[in-house]
Each structure stands twice: as structure tokens, then as C-alpha cells.
Amino acid sequence: MPLPARGRYARGADLKTLRSIPATQRFCRTAPRPLVLVPTMGALHAGHAALIARARRLAGSGTVVVSIFVNPAQFGAGEDFGRYPRTFAADRAVCAAQGADAIFAPGSVYAADHSTWVNEEAVSVPLCGASRPGHFRGVCTVVLKLFTITQPDAAVFGQKDYQQCAVIRRMVRDLNVPVRIVTMPTVRERDGLALSSRNAYLSPEERAQAPMIRQALLAALAAWRRGVREGEKLRRLVWQTISTAPLARIDYVEVVDAATLEPAEQAARGATIAVAVFLGATRLIDNIQLR
Ligand code: AMP
């Protein structure tokens, strides 16, 4: 009698860890389709878990690959690359619990003399692109490399990184990359703070003030729903609300057009308010869609 098809709940036990690019290419070439990729930098939390769960549902009896790679190319000088949390054993447990089939966790994906970069030159320019020069060049390059290594049918990203989703969609469109981009809503703490691997850096005082970011965005959404459409008014409301948190230092608050990510004078339905805020040395980002 043939063995029954391997069920989802048997998967954790079979979770493969792939450390090299050739081994990953071999695995992905013969893996059951569709293959769905979830790119991460590890230190996995419930937000990542939701992405992996979505990938599992999308893949069905196909294959879910989670990549875990703290990508040096997307960190600027003086940013937190060196101290970014690395928690592989716990990450593996999250991947297993969500039914992933394989983790791609390379030491590096760059040749010592790597010299080819992917530059998106429009939607990557404002917001985090302005604050973190070179960040999206690093993101695009590593994501395209992950795509060429694993050849996924689809890849899942979180809307918490709103601009990243827009940049990846643009890259995939412009370069005819045959990967479906799927996005997932932001998973939050009960007090509204968006889950982030960087929340672990916050002191208790900073953590206590961090929910002000979400409260400010909700205040702006409420104002928009009452009919306030002027981008500048909404922006000022968010800025002033966040500024009531004494430890907060605002990097940017922008009301942007959903398609271009350019500042919107009038916030139409679907416009987004995006913010980046330092609490102490920790930079947090969040956003809200006006609808
Ligand atoms: P990272 O490990 O921070 O590079 O994030 C990997 C993926 O997880 C990205 O697509 C993020 O947008 C997504 N992600 C991070 N935090 C959250 C969250 N709180 N909710 C949903 N997705 C998230």
C-alpha cells in the first residue's frame, strides 16, 4: 500500500537547513511546486510566523522555503548590522511550527569581489531611501539573488515595510522577474506597536512610549475619516502626537500617494502615512493606509 501523502503536521520534523547556495539550488530544483519563499533576516516573531503560515497556505502540497540572512548590504555604516539579533535555534522552531519545508541560512551570498547591484530609482528614493542611502540597493540585490537561487513561484512580504513592498513590486515588474509578490498586514502587540526584531533593543522606558507611533497614525486615520484630506494637516497631526513621547525623535512623517510614494497634497483613498521614529538609538517604522 502506498504511504499516505505527507501531511502538514509532519513537516516540522522534516525541516531542512540549507547552508550553501548549490545545496539550496539543488533542493529547490526538485522540490514540489509551487515553491513559496519568505525572505527574512531572522529573529523571527509572530509577524514572520504569519508570513510563513500564509506561504504554507499558498504552497499547499508544494514547498515553503524561509530564508534567514542578515544582509550586510542593506545596512549603512554605523547602523546595527553587528548587533542585529541572531537567534537561529528559536527561528528554526518558528519555521517548523508554521510548516516550512526548508530554511536557507547562508553564511554569505556575496562573492568577495561582488560588483553587481540592483538599483530601483523611483519608489526607493523618498522615505527610508532618503534616510538610509544604499538601503534599497542592498534589499533589491539580495532579494533578486534569493529569487534566482530559489526560483520561487511566489514570495511573501510584510506591509510593515511598506516602501520595501513597493520597491520589490517595481523591481519584479521592471525586470520581468516571474515571481508573484504577496503582501501581509502588519502583526502588532496588543498596545498597537508593530512587531519588529528591533523592538528587542528598546529600554523599558522606550518600549512604554513606542505605542504612540500607532496612536498617532490612528488619530490621523480618524481625522481622514472625518474628512480631513490635506496631507500637511494629517502630517502635522501625526508629528505632534508622536512628539508627546519625550524619548521619540522623528526621522520622517510623510503622507504619500500609494502608487508613486511621492508626498500627497491631498490624501485620496488608499494614500498612506509612513513614519520612521527613533526611540533612543532604535529606529522604528510603521504606516497606515487611509481608507
Ligand atoms: P525582516 O526580518 O525584518 O527583514 O522582515 C522579513 C519580512 O517580515 C519582511 O517582509 C517584513 O515586512 C516582514 N515583517 C516584519 N515585521 C512584521 C510584522 N510586524 N508584521 C508582518 N510582517 C512583518
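Buried means under 20% relative accessible area, exposed over 50%, and partly exposed in between, using a 1.4 Å probe and protein chains only. Welcome to a predicted model, where local features need pLDDT of at least 70, side-chain atom pairs count only at pLDDT 80 or more, and totals for chains, interfaces and linings use all residues. Residues are numbered from 1 along each chain as its sequence is written, and side-chain values use heavy atoms, with hydrogens and water left out.

**Exercise 1.** Find how many disulfides there are, then look at Cys28 and Cys128.

*Solution.* Start with the rule: a disulfide is a pair of cysteine sulfur atoms within 2.5 Å. The count is zero. For Cys28, the nearest cysteine sulfur belongs to Cys95, 14 Å away. Cys28 has a relative accessible area of 2%, so this residue is buried. Next take Cys128: the nearest cysteine sulfur is that of Cys165, at 12 Å. Cys128 is buried too, with 7% relative accessibility.

**Exercise 2.** Work out which polar atoms lie close to the ligand's oxygen and nitrogen atoms.

*Solution.* We look for polar contacts, here pairs of N or O atoms within 3.5 Å (within protein, one must be able to donate a hydrogen and the other to accept it, and residues adjacent in sequence count only if both atoms are side-chain atoms). First, a side-chain N or O atom of Asp161 is 2.7 Å from a ligand oxygen. Second, Met41 places a backbone N or O atom 2.9 Å from an oxygen of the ligand. Third, a polar backbone atom of Val187 is 2.9 Å from a ligand nitrogen.
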